[in-house]
Amino acid sequence: MVESDEAALGMIIRTLRESSMDGYSLLSKTGIDEDKLVKMLRTKLSRIVTVRGDLTKERIGRAYLSIPPNAGQEADRVLGVLAYKLETL
Amino acid sequence: MSGLASPDVPAYICYLIVFFFGTFVAVRTVNERLSARPAAWAFASTWLLLVAHVALPVLTFWLLDYTGVVNDTSIFAALLVAFAVRLIFAGEVKGVALPAQAAALWKPFQAWVEYVVKRIDDHNARYTERFEEKILSLITNDPQRMAKFDALVQASSGNLPALQAALLALPVSANPAVNSRRKVDLMWEDLRKAKPQLYGWLLWKNGIVPGLTYWLWVEKGRAKLISAGVVLSMVLAVVGIGFWFTSDNVTRSRQHTAWLNYYKWRFLKASATDRDRWRSREYVAQELCNWSSQPGQTLVDTEAKRRVDTEAKRRVEVADIFLPALLRELRYPGVTPVQAREILAGLVNCHSPALNAVYVPKLIDSFRTQNETVRLETRRALVALTVDYPKAKLADNLAKWEPKKDETPGDIDQRVRQWHLWWKSATATRRP
């Protein structure tokens, strides 16, 4: 189970940066629960991750998640900010 | 790559290089773009995407040659375009720059690719849902499968107590089928979360899903079948075209026509390299210079007759395809003196009464539309051809005619009529 929001955010972005996948695979790989994933996809990741499918707790597993090429730069920027935060903590 | 040293080979080889290597790159690009969509190659949209990515380097190669940035006979240019077409559009390859308007097409192309990828995503989501629905119905309606599924989920669950609690908390309906389905749905979710990659294989291994269903849906069986079908169709098409081209092995007319059209294009191409021009001249000479051989009168064996027939057919094809294009180019007011000289040299070098008879009247007529430099070259060519008609005297005013820029249409018309009179007398002297 992932503790902080920052850590969860970083894991989601890094995982999807490597490869697009369905919600079940992302949940399994990151260990994040459906609630947190849906919340992040609606807020902090809304401009980075493309969701093909329903963005609900019940259906997020079936949704297809990806970071499109034009959002790659923004994803890397967020990862950079997170790394900086971890270093300065 | 006009300035880069590179082996100069026939253009069709370079286009084939761009096509073949471009196809490999295109397949890789599409696979990368659609990674993790298990059934992507089962959809027509994916094949459309592939066709677009294969066509892109070929069209770019043609455009770069057309705009004079590279030569379409350069192997290095062909390889560069096949492998780095995206970098060329991004302007990251020094010395190989597309015109600004063409480079601007990249964005709409990318937008279209995004649109198609979204469509593929929709297809993929529907495809996965249909599979799930099929499996869930299969399990719900079969008590044996239900028992196996129950055992598999309980054994694989990442959080068994939570699953059991959730199952107990399910609302109970008066319809047992509804209760079963709710239970299966919940267990399915748990299995997918616990084994996101292996769930299909586990279902098949435990005898819950038939082997064919598993292969078709989870092991990309449908995509593999469709891909194999498309590749097989393409191979058959290539073999079919090859067979069609070579099936008339007596006259080889189809191949001959294709080569004539190819070399017509190369011979008249203004930006061809010197070596490519030389190759075209060699072909033109080969096609035109054997017209001097006259068919014998005493041919008795069928092989010799067949050879003569084939030769006659080849001549007809040259007369239909090649010569009109050359004469048309001579009439074009903007034709360069170098090109005009090359065309006329090709005709004069291969002069023979048989060949002359096909084009001389039209060449004389073309005086009317040519510029004065080309008129002078044409006059010199016609004078050179008089060697085939020693008995027909050419008037001095025609032999020494120096075309001028300010000649009136009336003056030119008079010359044309005089040249036609000479031609009439020349052909009369050749008649048996």
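Here are five short exercises, each with a worked solution, on a predicted model with chains A and B.

**Exercise 1: the shape of each chain**

Task: Work out whether the radius of gyration of chain A agrees or disagrees with that of a compact globule, then do the exercise again for chain B.

Solution:
- Start with chain A. A compact globule with 89 residues would come out near 12 Å, and chain A has 12 Å, so the two agree.
- Add the box: the C-alpha trace of chain A spans about 35 × 30 × 20 Å along its principal axes.
- Now take chain B. For 432 residues the globule value would be near 22 Å, but chain B has 35 Å.
- Its box goes with that figure: along the principal axes, the C-alpha atoms of chain B fill roughly 115 × 60 × 40 Å.
- Finish with burial. In chain A, 34% of the 89 residues count as buried; in chain B, 26% of the 432 residues do.

**Exercise 2: the fold of chain A**

Task: Find the order in which the strands of chain A sit in their sheet, and say whether the pairing is parallel or antiparallel.

Solution:
- Count the elements: chain A has 4 helices and 3 strands.
- Walk along the sequence and you'll read α-β-α-α-β-β-α.
- Look at the sheet. It is open, its order is E1-E3-E2, and the pairing is antiparallel.
- Check the edges: strand E1 (21-22) and strand E2 (50-52) of chain A each pair on one side only.
- Zoom in on one pair. E1(A) and strand E3 (residues 64-66) of chain A are joined by 2 bridges, and A:Met21 has A:Leu65 in E3(A) as its bridge partner.
- As background, strands of a sheet pair through backbone hydrogen bonds.

**Exercise 3: the nonpolar cores**

Task: Identify the helix that gives the largest share of the largest nonpolar core.

Solution:
- Begin with the busiest members. This core has 29 residues, and those touching the most other members are B:Leu330, B:Ala340, B:Ile343, B:Ile364 and B:Trp423.
- List the contributors: among the elements of chain B that give two or more residues are helix H14 (302-331), helix H15 (337-349), helix H16 (353-365) and helix H19 (409-430).
- Pick the winner: H16(B), with 5 residues, has the largest share.
- Follow one member. Leaving out residues up to four places away in sequence, B:Leu330 touches B:Val335, B:Ala340, B:Ile343, B:Ser366, B:Gln370, B:Val374 and B:Thr378.
- Don't miss the second, separate core of 22 residues, which includes A:Met21, A:Leu37, A:Ile60 and A:Leu65.

**Exercise 4: the domains of chain B**

Task: Describe the two domains of chain B and the contact they make.

Solution:
- Get the elements first: chain B has 19 helices and 0 strands.
- Set the bounds. Domain 1 of chain B covers 11-121 and domain 2 covers 253-430.
- Take the separation: their centres, over C-alpha atoms, are 42 Å apart.
- Tally the contact: 5 residues come from domain 1 of chain B and 5 residues from domain 2 of chain B.
- Sort by class. Where domain 1 of chain B touches domain 2, there are 2 nonpolar, 3 polar and no charged residues.

**Exercise 5: where the chains touch**

Task: Find the helix of chain B that gives the most to the side touching chain A.

Solution:
- Count both sides: 12 residues of chain B contact 12 residues of chain A.
- Spot the helices. Helix H5 (106-140) and helix H8 (176-194) of chain B each supply at least two residues.
- Choose between them: H5(B) gives the most, with 5 residues.
- Sort this side of chain B by class, and you get 3 nonpolar, 3 polar and 6 charged residues.

Key. Residues numbered from 1 in each chain as written. Chains lettered and ligands numbered in written order. Predicted model: local features only at pLDDT ≥ 70, side-chain atom pairs only at ≥ 80, totals over all residues. Contact = placed C-beta atoms within 7 Å. Nonpolar A, V, L, I, M, F, W, Y, C, P; charged D, E, K, R; others polar. Pairing = 2+ DSSP bridges. Core = buried A, V, L, I, M, F, W, Y, C linked by C-beta atoms within 7 Å. Buried ≥ 20, exposed ≤ 12 C-beta atoms within 10 Å, placed from the backbone. Rg over C-alpha atoms; globule rule 2.2 N^0.38 Å. Domains from an automatic or database assignment.
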